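Got the viewer open and a selection box ready? Let's walk through this one stop at a time.

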Amino acid sequence: MNDLAGKHIVLGLSGGIACYKAAELCRALIKEGATVQVVMTEAAEQFITPVTMQALSNRPVYGSQWDAREPNNMPHINLSREADAILIAPCSADFMAKLLHGRADDLLSLMCLARPLTGGGSGNDKAVPLLIAPAMNREMWAHPATQRNMAQLTLDGTTILGVGTGDQACGETGDGRMLEPAELLQDIIAFFQPKVLAGQHVLVTAGPTYEAIDPVRGITNLSSGKMGFAIARAAHEAGASVTLVAGPVHLPTPRGVARINVKSAQNMLEAVVGCAQVANIFVATAAVADWRVANSSDHKIKKDGSGAVPALQFVENPDILASVAQSPRAQSGELFCVGFAAESQDLLANAQAKRLRKGVPLLVGNIGPDTFGQDNNALLLVDAQGTQDFPRASKLALSRKLIANIACRMRATGQFSS
Ligand code: CTP
């Protein structure tokens, strides 16, 4: 993907052992299509050399406000005006305190202070957002001064990307590690996505369900969960709070998404019913098993040597989507329900019939065997008015289009909660 194509990011490094992660982050940003201008404080240069950052960013690194390479000798103005965002990673406790007080005694803090807060001023055509990835010892992180600074920086319009938890370079364990480069990359990409679902709560089901035959065997299907996970990520990127009810899959939870792991269709139904009380949008992508074993055994079924096979009986599982679509909140328009249909043939006819059977305003059809386990898909949107094709693309790209489409529908029908 090239999710940061056309974005110019000023990557600021302040002093901290996490500077070693900034090298990887720089590469990741560039791999995603961004151009990166590195600015380092003197303290950062104690941890990683400008040579490394120059080689990775393919641009000279700036460190001094007296840098004569700029014709007007104003690197703090020039560098900040061309940026789409300034990202300080790592941001030390000291640097946070500096930002808070508007101190400007080195190039990086000077540049942050000089960045345009609003667009349209003389010479500035856009605001330049500031994002920080704090990194420090757990005691420094927990200190009231740091927490106070963080709260005030948020009020001042800075986006704080949070910290990780775990072993720290100092040997202690706790909160305060800088987030991993891959996590920061996801956060930056999310930052630039349009916030079309700000304030909404999205509930997504994903993956297969697993219906036990006995404690060691069960029936499941080939759903990888990738489409549902991509939709959860896209909804979070769009500013929604997202709950993802996932069947047994080994996919990492998208950043910022609350995940509830379930096994069977019954488990999934219970989790969904609770969450559907507060959600505004329900997207059911899970490949829920149609039947479960009625006579499942509490103990492992053993061969008895006679060649006899166990006689399994089945009972139909509840239809999660159909029952949520019948709920008062869905019927009154407080909850917008979207179904998926995994078909193997006659996609249009099957999807249209399924939409009516499930009682949902929007059903998204796809050809199961062409998409299960893959990173690409092609979708057919079916509603009461007609159909719309989303041609083959990555599941994340399709998910972003689908989320934008759902937001449009809700806005058109006045279904957005305030
Ligand atoms: N679904 C559900 N609960 C079920 C079965 C399906 O919530 N017990 C949801 C799926 O998550 C999907 C939609 O219903 O959003 C359609 O699922 P699909 O398996 O394609 O349809 P089925 O109802 O199983 O119909 P059929 O077997 O005839 O294709």
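Are α4 and α7 roughly parallel, roughly perpendicular or oblique to each other? Keep that in mind while you select residues 93-101 for helix α4 and residues 144-155 for helix α7. One caution before you zoom in: this is a predicted model.

**Stop 1: α4 and its two neighbours**

With both helices showing, look at how their axes pass: they come within 10 Å and cross at roughly 45°. Angles of 65 to 115 degrees would count as roughly perpendicular, and those under 35 degrees as roughly parallel, so α4 and α7 are oblique to each other. The crossing of α4 past α7 is left-handed.

Turn on side chains next. From α4, pick Ala 93, Met 96, Ala 97, Leu 99 and Leu 100; what they meet in α7 is Thr 146, Asn 149, Met 150, Gln 152 and Leu 153. Colour that contact by residue class and you should get seven nonpolar residues, three polar ones and no charged ones.

Keep α4 selected and swap α7 for helix α5, residues 107-114. Here the packing angle is about 35° and the axes are 10 Å apart. This crossing is right-handed. On the α4 side, the contact uses Phe 95, Lys 98 and Leu 99, while α5 brings Leu 108, Ser 109 and Cys 112. By class, that's four nonpolar, one polar and one charged. Leu 99 is worth a label, since it shows up in the contact with α7 and again in the one with α5.

**Stop 2: the five-strand sheet**

Which strands does α5 touch as it packs on the sheet? Bring up the sheet to find out: it's an open one of five strands in the order β2-β1-β3-β4-β5, and the pairing is parallel. At the edges are β2 (35-40) and β5 (159-160); each has a single partner strand, so one side of each has no neighbour in the sheet. As for α5, it touches β1 (8-13), β2, β3 and β4, and its direction makes about 140° with that of β3.

Now isolate β3 (residues 85-91) and β4 (residues 130-134), a parallel pair joined by four bridges. To see one of those pairings, select Leu 87, whose bridge partner in β4 is Leu 131.

Stay in β3 and go to Pro 90. The peptide bond leading into Pro 90 from Ala 89 is cis, with omega near 5°.

**Stop 3: α1, α2 and the loop after**

Select helix α1, residues 19-31, together with α2. α2 spans 50-57. The two axes come within 9 Å and cross at roughly 15°, so α1 and α2 are roughly parallel to each other. Their crossing is right-handed. For the contact, show Ala 22, Ala 23, Cys 26, Arg 27 and Ile 30 from α1, plus Met 53, Leu 56 and Ser 57 from α2. Six of these residues are nonpolar, one is polar and one is charged.

Then move into the loop between α2 and α3 (75-81), where you'll find Asn 73. If you're checking backbone torsions, its phi is near 60°, a positive value in a residue other than glycine.

**Stop 4: zoom out to the domains**

Colour the chain by its domain assignment: domain 1 covers 8-192 and domain 2 covers 201-412. Taken over C-alpha atoms, the domain centres are 40 Å apart. Seven residues from domain 1 and five from domain 2 take part in the contact.

**Stop 5: the eight-strand sheet**

Next up is an open sheet of eight strands with mixed pairing, in the order β12-β11-β8-β13-β16-β17-β18-β19. Its edge strands are β12 (258-261) and β19, each pairing on one side only. Ignoring direction, neighbouring strands are turned by 20° against each other on average.

Start at the β12 edge. Strand β11, residues 241-246, runs parallel to β12, and four bridges join them. Label Val 245 and its bridge partner in β12, Ile 260.

Which sense does the pairing take at the other edge, between β18 and β19? Select residues 376-382 for β18 and 387-394 for β19: they pair antiparallel over six bridges. The two strands form a hairpin with four residues between them. Finish on Asn 377, which has Ala 393 as its bridge partner in β19.

Methods:
Residues numbered from 1 in each chain as written. Predicted model: local features only at pLDDT ≥ 70, side-chain atom pairs only at ≥ 80, totals over all residues. Heavy atoms only, no water. Axes fitted to C-alpha atoms, helices over the stretch in contact; angles between N-to-C directions. Parallel < 35°, antiparallel > 145°, perpendicular 65-115°, else oblique. Left-handed = near helix turned anticlockwise from the far one by under 90°. Contact = heavy atoms within 4.5 Å. Nonpolar A, V, L, I, M, F, W, Y, C, P; charged D, E, K, R; others polar. Pairing = 2+ DSSP bridges. Domains from an automatic or database assignment.
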